[in-house]
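Subject: Handover of a protein structure

Dear colleague,

Please find below the structure that I am handing over to you. I would be grateful if you kept it open while you read the notes underneath.

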Amino acid sequence: MQQPYNPKNENIQVFVKDKLYPRNEAKVSVFDSSVQGGDAVWEGLRVYDGNIFHLEKHLDRLLASAKTLAFADIPAKAFIKDAIKQTLKANGMHTDTHIRLTLTRGEKVTSGMDPRLNQKGSCLIVLAEFKPPVFDNSKGIKLVTTHTRRNSPMHLDSKIHHNNLLNNILAKIEANHYGADAGLMLDNLGFVSETNDCNIFMVKKGVLLTPHADACLTGITRETTIELAHELSIPCVERNISVSEFYNADEVFITGTMGELTLVYEIDGRIIENKTGSAIRETLYAAFKKLTATMGEPID
Ligand SMILES: Cc1ncc(COP(=O)(O)O)c(C=O)c1O
């Protein structure tokens with residue numbers, strides 16, 4: 001279950017374009033390209049014990065997405081880092097914090113699709129909130145396979161982390177309708193891709209498997225999980241995986257900044273039965289928590 005509104009976030013300061021505003025005054029123009037066409041890129045980051053986890057990787061992905069979308073005016077990394085740190089300091093946030101970082105193409109001189117109408121520079125938004133990981137990891141979550149597919153590179157390249165999230169939102173609506181925690185999304189060939197907001201892994205007979213990053217987002221937590229598996233000598237394979245293989249896996253878990261490595265206990269009414277008694281998710285999660293406790297860019 002996603003977390004509800006947290007009253008601690010009532011009086012937060014939000015960075016918009018070039019300065020901080022109180023939550024209720026933090027706004028973008030009705031001419032902003034994010035309002036007009038979802039024309040923006042974004043990142044979700046977490047802060048653990050005074051450190052921003054994988055800041056460089058998130059900024060690299062943000063800037064790469066902005067370059068792909070041919071933003072005319074991409075802020076320097078140093079400016080974005082400074083805006084993030086300013087926001088965290090202004091809010092007294094040191095841990096259990098989630099940052100929604102958005103870069104829009106900015107304000108248009110008149111409504112319209114053409115990026116040449118954006119003549120006022122891009123707009124950076126740093127929205128930091130007190131928010132622990134979103135899923136209850138003791139119990140895990142259940143998934144339902146959705147009709148809504150992930151975009152394939154034929155349609156919209158999943159390597160762009162953009163704000164056109166409607167297919168993910170449609171998948172989440174389906175999941176809500178069926179009382180599941182998240183929607184399991186397939187690619188255009190019918191193989192499992194990811195959930196509406198996280199990457200997905202399964203374990204079968206001691207082997208860790210995850211779909212190719214063709215239709216799914218190339219998640220930073222996904223990458224970290226694969227790196228940890230290599231370090232821990234856990235065999236890890238990226239390949240096409242069917243839903244049936246997921247139903248019959250020994251372990252299934254999802255990965256993402258919002259929820260870390262979260263256990264999946266049921267997909268489409270099929271309980272995930274661990275026939276080998278493996279504990280690969282637990283091992284990887286313990287290694288991941290060691291990283292979050294020791295790594296990251298200090299706020300101060
Ligand atoms: C669709 C989707 N998949 C996966 C992820 C997880 O990515 P990361 O591990 O970089 O947070 C996200 C996070 O934004 C996402 O939106």
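The notes below go from the whole protein to its domains, its sheet, the ligand and one chosen residue.

Overall picture

Please keep in mind throughout that this is a predicted model. The protein contains seven helices and 16 strands. Its radius of gyration is 19 Å, close to the 19 Å that the globule rule gives for 300 residues, so the protein is as compact as a globular protein of that length. Along the principal axes, the C-alpha trace extends over about 60 × 40 × 35 Å. Of the 300 residues, 42% are buried. If one takes the contacts between residues at least 6 apart in sequence, 70% of them join residues at least 24 apart.

The two domains

The domain assignment divides the protein into domain 1, residues 10-130, and domain 2, residues 141-294. The centres of the two domains, taken over C-alpha atoms, are separated by 27 Å. Where they meet, 20 residues of domain 1 are in contact with 10 residues of domain 2. On the domain 1 side, β3 (40-48) and α2 (55-68) each supply at least two of the touching residues. Strand β3 gives the most to this side, with eight residues. Sorted by class, the side of domain 1 that touches domain 2 has seven nonpolar, eight polar and five charged residues.

The seven-stranded sheet

In general, strands of a sheet pair through backbone hydrogen bonds, either parallel or antiparallel. In this model there is an open sheet of seven strands with antiparallel pairing, in the order β2-β1-β6-β5-β3-β4-β16. Its edge strands are β2 and β16 (297-298), each of which pairs on one side only. You may find it helpful to follow the sheet from the β2 edge.

Strand β1 (residues 13-16) pairs with strand β2 (residues 19-22) in the antiparallel sense, over four bridges. Within this pair, Phe15 has Leu20 of β2 as its bridge partner. The hairpin of β1 and β2 has two residues between the strands, and Lys17 takes a positive phi near 70° there.

Strand β1 is also joined to strand β6 (residues 123-130), by two bridges in an antiparallel arrangement. Here Val16 stands opposite Ile125 of β6, and Phe15 stands opposite Val126 of β6. Phe15 therefore has a partner to look up in each neighbouring strand, namely Leu20 in β2 and Val126 in β6.Next in the order, strand β5 (residues 97-104) runs antiparallel to β6, and eight bridges join the two. One of the residue pairs to locate is His98 with its bridge partner Glu129 in β6.

Further along, β3 is joined to strand β4 (residues 51-52) by two bridges, and these strands also run antiparallel. Val47 stands opposite Ile52 in β4. Strand β3 is a useful element to mark on your display: it belongs to this sheet, and it also gives eight residues to the side of domain 1 that touches domain 2.

The ligand

Which residues come nearest to the ligand? Of the 14 residues around it, these are Gly219, Ile220, Thr221, Gly256 and Thr257. Two elements, α5 (220-231) and β13 (251-256), each supply at least two residues of the shell around the ligand. Helix α5 provides the largest share of that shell, three residues. By class, the shell has three nonpolar, eight polar and three charged residues.

One residue examined more closely

Is Asn168 buried or exposed? Asn168 lies in helix α4 (residues 166-177). It has 21 other C-beta atoms within 10 Å; a residue counts as buried at 20 or more, so Asn168 is buried. Leaving aside residues up to four places away in sequence, Asn168 touches Asn196 and Asp197. From His98, Asn168 is 70 residues away in sequence and 20 Å away in space, C-alpha to C-alpha.

With kind regards

How values were computed
Residues numbered from 1 in each chain as written. Predicted model: local features only at pLDDT ≥ 70, side-chain atom pairs only at ≥ 80, totals over all residues. Rg over C-alpha atoms; globule rule 2.2 N^0.38 Å. Buried ≥ 20, exposed ≤ 12 C-beta atoms within 10 Å, placed from the backbone. Contact = placed C-beta atoms within 7 Å. Near = placed C-beta within 6 Å. Nonpolar A, V, L, I, M, F, W, Y, C, P; charged D, E, K, R; others polar. Domains from an automatic or database assignment. Pairing = 2+ DSSP bridges.
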